[in-house]
Amino acid sequence: MEIEKRDLELQQEFPKILKDLGGDPSKTCMSSAHGGIAIGDGWIPLIKQLMHFCQFHHDKNGYPQLVADQIKEKFGTLRFYYHFEDCNSDTKEYGIRFNRIEDTLEGAIHFAESLSSTICESCGKPGTLRGQGWRYTSCDECEKLKMDFTKEKN
């Protein structure tokens with residue numbers, strides 16, 4: 001399986017955050033074997049805004065570099081797993097500052113994950129969390145297309 005062109009373009013825009021994209025599948029969930037960035041195109045603008053926010057704070061405010069470990073859909077909403085590079089300071093002052101930094105970035109990530117339940121994963125229009133058991137977020141138009149396709153298959 002190859003990394004999608006869309007994902008490679010994101011990696012060019014955010015090389016530090018997406019440094020593990022296409023990496024060794026035994027070391028990262030961002031490998032092509034794991035699907036790279038495993039979300040629909042409708043959430044790409046949301047992901048881009050989130051990564052701009054995180055990278056801005058690293059570049060301009062000295063926050064530790066955030067690196068994506070996995071970006072996927074789960075239970076119908078976005079999941080963005082990450083770690084920070086070079087955060088091995090044991091000083092108390094650094095620890096307090098880092099906790100504030102982590103809270104800021106984690107808050108932005110949780111906000112994006114929550115917001116994804118209102119955005120169609122396929123097309124990016126306003127959507128609704130749907131389904132029983134298998135959950136997904138879609139707009140009315142994409143839902144109708146899905147239902148029409150399901151009827152045709154049966």
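Throughout this tour, a residue is called buried if its relative accessible area is under 20%, exposed if over 50%, and partly exposed in between, with a 1.4 Å probe and protein chains only. The model is a predicted one, in which local features need pLDDT of at least 70 and side-chain atom pairs count only at pLDDT 80 or more, while totals for chains, interfaces and linings use all residues. Residues are numbered from 1 along each chain as its sequence is written, and side-chain values use heavy atoms, with hydrogens and water left out.

Begin with the whole protein chain, whose C-alpha atoms fill a box of roughly 60 × 30 × 25 Å along the principal axes. Colouring by secondary structure brings out four helices and five strands, arranged along the sequence as α-β-α-β-β-α-β-β-α; here helices (H or I, at least four residues) and strands (E, at least two) are DSSP runs numbered from the N terminus. Of the 154 residues, 39% count as buried.

Next, select Tyr-82 and Phe-84, which make up the one aromatic pair that the structure holds. The two rings are edge-to-face, at 5.5 Å centre to centre and with 75 degrees between the planes; rings of Phe, Tyr and Trp (its six-membered ring) pair if their centres lie within 6.5 Å, and planes under 30 degrees apart count as stacked, over 60 as edge-to-face and the rest as tilted. Tyr-82 counts as buried because its relative accessibility is 19%, and Phe-84 counts as buried because its relative accessibility is 14%.

Move from there to Phe-75, in the loop between strand S2 (66–74) and strand S3 (77–84). Although Phe-75 is not a glycine, its phi is positive, at about 55 degrees. Phe-75 has 56% relative accessibility and therefore counts as exposed.

Now select Lys-48 in helix H2 (residues 44–61), which at 29% relative accessibility counts as partly exposed. Once neighbours within four places in sequence are set aside, Lys-48 is in contact with Leu-10, Glu-13 and Phe-14, where contact means heavy atoms within 4.5 Å. Glu-13 lies 35 residues from Lys-48 along the chain, and a distance drawn between their C-alpha atoms should read 9.0 Å.

Finish at Tyr-136 and Lys-146, where the charged end of Lys-146 sits over the ring of Tyr-136, 3.5 Å from its centre. A charge is taken to sit over a ring if NZ of Lys or CZ of Arg is within 6 Å of the ring centre and within 35 degrees of the ring normal.
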